[in-house]
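Reader: Please take one part of this model and go through it closely. I would like a single connected account, with the rest of the chain brought in only as context.

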Amino acid sequence: MTTGVVIAREGSTYRVHSDGGELTAVLRGKLKQKDDDRVTVGDVVELDLEADGGAAITAIQPRHSVLARRAAGTGRRRGQPIAANVDQVVVVAAAQDPEPNARQLDRFLVIAEANQLPAALIVNKIELDRAAGEVLVPRYAPAGYQVILTSVKNPENIVAVRDLLRGRVTVLAGASGVGKSSLLNLLEPGLKLRVGAISEKWRTGKHTTTAAEMVPLALGGYVVDTPGMREVGAWGIGIDELGPCFPEFRPFLDRCRFDNCRHLLEPGCAVRQAAADGKFDSDRLVSYERIYEEINVPSWSSGRRRGS
């Protein structure tokens with residue numbers, strides 16, 4: 001049996017890295033009858049090699065991790081896989097153009113936590129507004145996230161970014177226009193990934209990366225370069241899993257008055273009290289509330305006191 005790793009999808013075909021080199025493969029059998037998200041970048045697939053040099057994907061090996069978003073442009077509650085079998089998620093924001101979207105950043109981080117993927121943040125374009133980038137450092141420090149401030153135009157902290165990526169399979173995620181492709185081009189000049197300008201009308205980045213692609217790095221490891229994502233959703237997260245997906249909440253989760261506390265408006269909520277006491281940024285609670293609504297869990301009603 002021949003196996004390979006999917007590095008990109010191009011229409012109905014897939015680019016696959018195998019021990020024998022890169023192959024172009026199509027789907028075969030039951031895989032062709034499934035939804036469009038049946039195979040994604042990072043999947044380890046089983047292949048049948050054909051006499052003409054082509055290949056057919058016949059099976060997908062089990063994934064140990066997956067990052068997903070809402071299927072773009074639809075109201076259906078369905079997760080669309082972005083990448084599978086990754087080691088970490090690095091979320092990229094920009095200090096300006098476009099300005100950071102805290103809700104979107106937090107959703108990415110929650111998805112990483114739910115999939116037990118380590119995460120870090122890169123704040124690019126700090127030459128435009130260093131103060132705006134520095135604000136994110138104390139926001140995420142209580143959660144233990146590394147935040148690296150970078151600039152491509154005036155190279156800064158590029159060594160730290162290189163060390164973060166070295167030897168790992170990394171999903172590089174973020175909104176359009178934050179400079180993911182520019183950053184990768186600086187790290188690996190030979191990649192020559194497309195770089196798009198910010199739309200003056202909408203002040204939002206053009207989608208220079210139109211599909212996720214796994215890119216090998218000369219320093220070791222791979223980066224999954226993803227499209228700019230405006231519809232990130234928290235998929236597959238259960239009601240009891242959301243709180244722990246905010247690492248700074250964890251020391252307080254077992255201290256609430258009610259053991260089924262949802263950390264919304266319940267009396268005696270230790271998480272909300274910790275936010276009020278300045279233990280972490282209270283705006284992270286706002287993100288929690290938004291994601292809570294997103295996954296459509298029932299509201300807290302009458303609970304029992306902890307230990308009763």
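Author: A residue counts as buried when its relative accessible area is under 20%. By that cut-off Cys256 is buried, because its relative accessible area is 2%. The model is a predicted one, and this cysteine is a convenient place to begin. Cys245 is also buried, since its relative accessible area is 5%. Cys256 takes part in no disulfide; the nearest cysteine sulfur belongs to Cys261 and lies 3.8 Å away. A pair of cysteine sulfur atoms has to be within 2.5 Å to count as a disulfide, so the 3.8 Å between Cys256 and Cys261 does not qualify. Over the structure as a whole, the number of disulfides is zero.

The part chosen for the close look is helix H1, which runs over residues 102–114. H1 has 13 residues, and at 1.5 Å a residue they should span 18 Å; the C-alpha atoms at its ends are 18 Å apart, so the two values agree. At the N-terminal end, Asn101 acts as the cap, with a side-chain oxygen 3.1 Å from the backbone nitrogen of Arg103. Arg103 is itself buried. Most of the helix is covered, with 11 of the 13 residues of H1 buried. The buried set includes Leu105, Phe108, Leu109, Val110, Ile111 and Ala112, and also Asp106, Arg107 and Glu113. Just after the helix, Gln116 has a positive phi of about 55°.

Another positive phi is found in a hairpin: Gly53 takes a value near 95° there. The hairpin is formed by E4 and E5, with five residues between the strands. E4 and E5, the latter covering residues 55–60, are antiparallel and joined over five bridges. One bridge partnership is that of Val45 with Ile60 in E5. E4, residues 44–49, also pairs with E1, residues 2–10, again in the antiparallel sense but over four bridges. Here Thr2 has Leu47 of E4 as its bridge partner.

As for context, the protein chain contains seven helices and 13 strands. Of its 308 residues, 51% count as buried. Among contacts between residues at least 6 apart in sequence, 66% join residues at least 24 apart. The accessible surface of the chain is about 14,600 Å², and carbon and sulfur atoms account for 48% of that area.

Terms used
Residues numbered from 1 in each chain as written. Predicted model: local features only at pLDDT ≥ 70, side-chain atom pairs only at ≥ 80, totals over all residues. Heavy atoms only, no water. Helix = DSSP H or I, 4+ residues; strand = E, 2+ residues; numbered from the N terminus. Expected span 1.5 Å × (residues − 1). Buried < 20%, exposed > 50% of the residue type's maximum accessible area, 1.4 Å probe, protein only. Polar contact = N/O pair within 3.5 Å; in protein donor to acceptor, adjacent residues only side chain to side chain. Pairing = 2+ DSSP bridges. Contact = heavy atoms within 4.5 Å. Areas by Shrake-Rupley, 256 points an atom, 1.4 Å probe, with all protein chains shown as cover.
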